[in-house]
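Below are my notes on the fold, set out point by point. Please read them with the coordinates open.

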Amino acid sequence: MSVLPPPPLHTDAKFVVLSDWDGTITDKDSNDFMTDNLGMGREKRRELNGRILDGSMTYRDAFAAMLNSVHTPYDECKEILKKNIGLDPGFQEFYHWCKSNGIPVIIVSSGMAPIIRAVLSNLFPEAEADSIDIIANDVKYLDPEGKDWEIVYRHPESGFGHDKSKAILPYRDLPSKPTLFFCGDGVSDMSAAKHADLLFTKIMPNGDSDLLAYCKKEGIPNVPFTDFHKVLERVKEVVGGKSVESVLKEEGN
Ligand SMILES: [Mg+2]
């Protein structure tokens with residue numbers, strides 16, 4: 001069940017890219033930034049992250065607690081994030097290459113769509129920022145101006161709040177199934193990770209990646225990357241005819 005409508009499926013595409021937003025397409029996680037700077041602070045947030053990883057709290061409940069600690073009006077949050085969140089250095093080139101080759105790029109996020117659009121509008125020309133497909137959570141204003149607000153989950157019944165596998169699975173059931181690329185970095189990407197044909201795991205400059213650690217533990221083949229230049233190179237190869245298996249093998253899987 002979803003309380004929020006998804007964008008239409010790209011039924012004719014031969015290749016589809018689905019990507020996490022925070023920390024994957026962006027240079028830092030906007031929700032972590034809000035929580036650390038406007039809410040409970042980094043230390044308490046890291047405690048909750050630990051509870052997600054040890055299984056004593058769901059992602060959904062921990063993430064809601066983080067956001068509930070932010071009491072800054074929503075519009076102000078948007079402006080603060082527009083000033084502080086940048087793009088992965090290779091993403092614009094990647095996005096434009098995909099677009100000119102008819103490959104849909106869909107943002108699949110546990111964040112809130114209005115904030116993603118606001119940050120995008122700062123980084124992309126407005127028409128493009130408005131037309132990029134986003135499957136994310138939403139926000140509910142608790143007063144007319146949004147001084148107080150809360151996250152609205154796409155899949156409130158799921159421990160992820162937004163079960164990202166539901167964005168990718170409909171593509172697997174299409175009569176002519178496209179080759180599916182998924183890019184992610186964190187805990188919220190785990191539900192989608194095993195359903196991609198080629199999974200890209202973003203690692204931070206210090207080598208950290210919760211998603212990569214999860215893939216290693218579960219034996220899920222993947223291609224680690226530090227920025228989208230690498231994703232573009234590998235996607236180009238597959239579109240040019242190289243098999244996914246060859247790419248995975250070359251990446252040490
Ligand atoms: Mg992320």
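1. The largest nonpolar core of this predicted model comprises 60 residues. Within that core, the residues with the most contacts are Leu18, Phe181, Phe182 and Ala196.

2. Phe182 deserves a separate entry. Leaving aside residues up to four places away in sequence, Phe182 touches Leu18, Ile168, Ala192, Ala193, Ala196, Leu199 and Phe200. Two of these partners, Leu18 and Ala196, are themselves listed among the residues with the most contacts inside the core.

3. Strand 1 (residues 15-19) and strand 5 (residues 179-184) run parallel and are joined by five bridges. One pairing to check is that of valine 16, whose bridge partner in strand 5 is leucine 180.

4. The sheet to which these strands belong is open, has seven strands in the order 4-3-2-1-5-6-7, and shows mixed pairing. Strand 4 (149-152) and strand 7 (223-225) are at the edges with a single partner strand each, so one side of each has no neighbour in the sheet. From one strand to the next, the twist averages 25 degrees.

5. Helix 6 (residues 113-123) packs on the sheet, where it touches strand 2 (105-112) and strand 3 (133-141). The direction of helix 6 makes about 120 degrees with that of strand 2.

6. Which residues of helix 6 are buried? They are Ile115, Ile116, Ala118, Val119 and Leu120. The cover over these residues includes strand 2 and strand 3, together with helix 1 (30-38), helix 4 (74-84) and helix 7 (126-131).

Notes:
Residues numbered from 1 in each chain as written. Predicted model: local features only at pLDDT ≥ 70, side-chain atom pairs only at ≥ 80, totals over all residues. Pairing = 2+ DSSP bridges. Helix = DSSP H or I, 4+ residues; strand = E, 2+ residues; numbered from the N terminus. Axes fitted to C-alpha atoms, helices over the stretch in contact; angles between N-to-C directions. Contact = placed C-beta atoms within 7 Å. Core = buried A, V, L, I, M, F, W, Y, C linked by C-beta atoms within 7 Å. Buried ≥ 20, exposed ≤ 12 C-beta atoms within 10 Å, placed from the backbone.
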